[in-house]
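Subject: Structure handover

Hi,

Here is the structure we talked about. Please load it before reading on. My notes follow below.

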Amino acid sequence: RISLTEWVTIWETGHQAGPAKRATYDSYLRTHILPYFGATPITKITRQDAKVFVKHLKQRLADRTVADVMSLLSLLLREAVADRRISFNPAHGIRVSTGHRVERSPATAQQINRITDCIRRRSDQILVITAAYTGMRWGELAGLAKANTHLGDGLLSIHPQVGALHEVGGQLYLGPPNPRPPSATSTCP
């Protein structure tokens, strides 16, 4: 009849995660999961409790963040099932999204020009234009190496191992870019 906080301490000793994932887990645990469920014995967390938790999170967070927090809670409870501390995972399969995410239309050339006109430094204008027309994320832009810019050919490439700048615990490092959903990848004709 250990609490979720006690289970997290046990779980963390055997769970393997990279520095970025570990920082994300720590943030979700510290900010959302443990303040809500920390003192609760894991045998007392019900499916209804998990559904109310989702409702609570949705008052303050975007659906994607709520889904990520719930994914971690479900992982914790799934591991407790595997460790035979509870008989089932009460967070398994709880729906977070209430509808389809509205797809944003890309900015028009005129909108991009208006944005860049408000920016004083030319290098910052170039970053905004590059992001707008390539879809590169901030970390990919910041991690772009000169060797991966082929301006004569009109090509930019993102290195698969060190193509994005990441920050974990106040430290910057180059690492792989985050995976993109299949619908977000595009190629030029």
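At what angle do helix α5 and helix α6 pack, and how far apart are their axes? First, a caution: this is a predicted model. Now the answer. Helix α5 covers residues 109-117 and helix α6 covers residues 122-134. They pack at an angle of about 160°. Their axes are 10 Å apart. Angles over 145 degrees count as roughly antiparallel, so α5 is roughly antiparallel to α6. The crossing of α5 past α6 is right-handed.

Which residues make the contact? From α5 come Ala109, Ile112, Ile115 and Thr116. From α6 come Gln125, Val128, Ile129, Ala132 and Tyr133. By class, that contact has 7 nonpolar residues, 2 polar and no charged.

Next, the loop between α4 and α5.

Helix α4 spans 63-82, and Asn89 sits in the loop that runs between α4 and α5. Is Asn89 buried or exposed? Its relative accessible area is 14%. Buried means under 20%, so Asn89 is buried. A polar atom of the Asn89 side chain lies 3.0 Å from the backbone oxygen of Ser74. Leaving aside residues up to four places away in sequence, Asn89 touches Ser74, Leu77, Arg78 and Val81.

Arg84 is in the loop between α4 and α5 as well. What stands out in its backbone is phi, which is positive at about 60°. Arg84 is not a glycine. Most residues other than glycine have a negative phi. Is Arg84 buried or exposed? Its relative accessibility is 77%. The cut-off for exposed is over 50%, so Arg84 counts as exposed.

Last, a strand residue.

His166 belongs to strand β3, residues 164-168. Its relative accessible area is 15%. That is under the 20% cut-off, so His166 is buried. What does the His166 side chain reach? It reaches the backbone oxygen of Pro176, at 2.8 Å. Pro176 is also one of the residues that His166 touches, not counting residues up to four places away in sequence. The others are Gln171, Leu172, Tyr173, Gly175 and Asn178.

To recap, for your viewer session:

- Helix pair: α5 and α6, at about 160°.
- Loop: Asn89, with its side chain 3.0 Å from the backbone oxygen of Ser74.
- Loop: Arg84, with a positive phi of about 60°.
- Strand β3: His166, with its side chain 2.8 Å from the backbone oxygen of Pro176.

Best wishes

How values were computed:
Residues numbered from 1 in each chain as written. Predicted model: local features only at pLDDT ≥ 70, side-chain atom pairs only at ≥ 80, totals over all residues. Heavy atoms only, no water. Axes fitted to C-alpha atoms, helices over the stretch in contact; angles between N-to-C directions. Helix = DSSP H or I, 4+ residues; strand = E, 2+ residues; numbered from the N terminus. Parallel < 35°, antiparallel > 145°, perpendicular 65-115°, else oblique. Left-handed = near helix turned anticlockwise from the far one by under 90°. Contact = heavy atoms within 4.5 Å. Nonpolar A, V, L, I, M, F, W, Y, C, P; charged D, E, K, R; others polar. Buried < 20%, exposed > 50% of the residue type's maximum accessible area, 1.4 Å probe, protein only. Polar contact = N/O pair within 3.5 Å; in protein donor to acceptor, adjacent residues only side chain to side chain.
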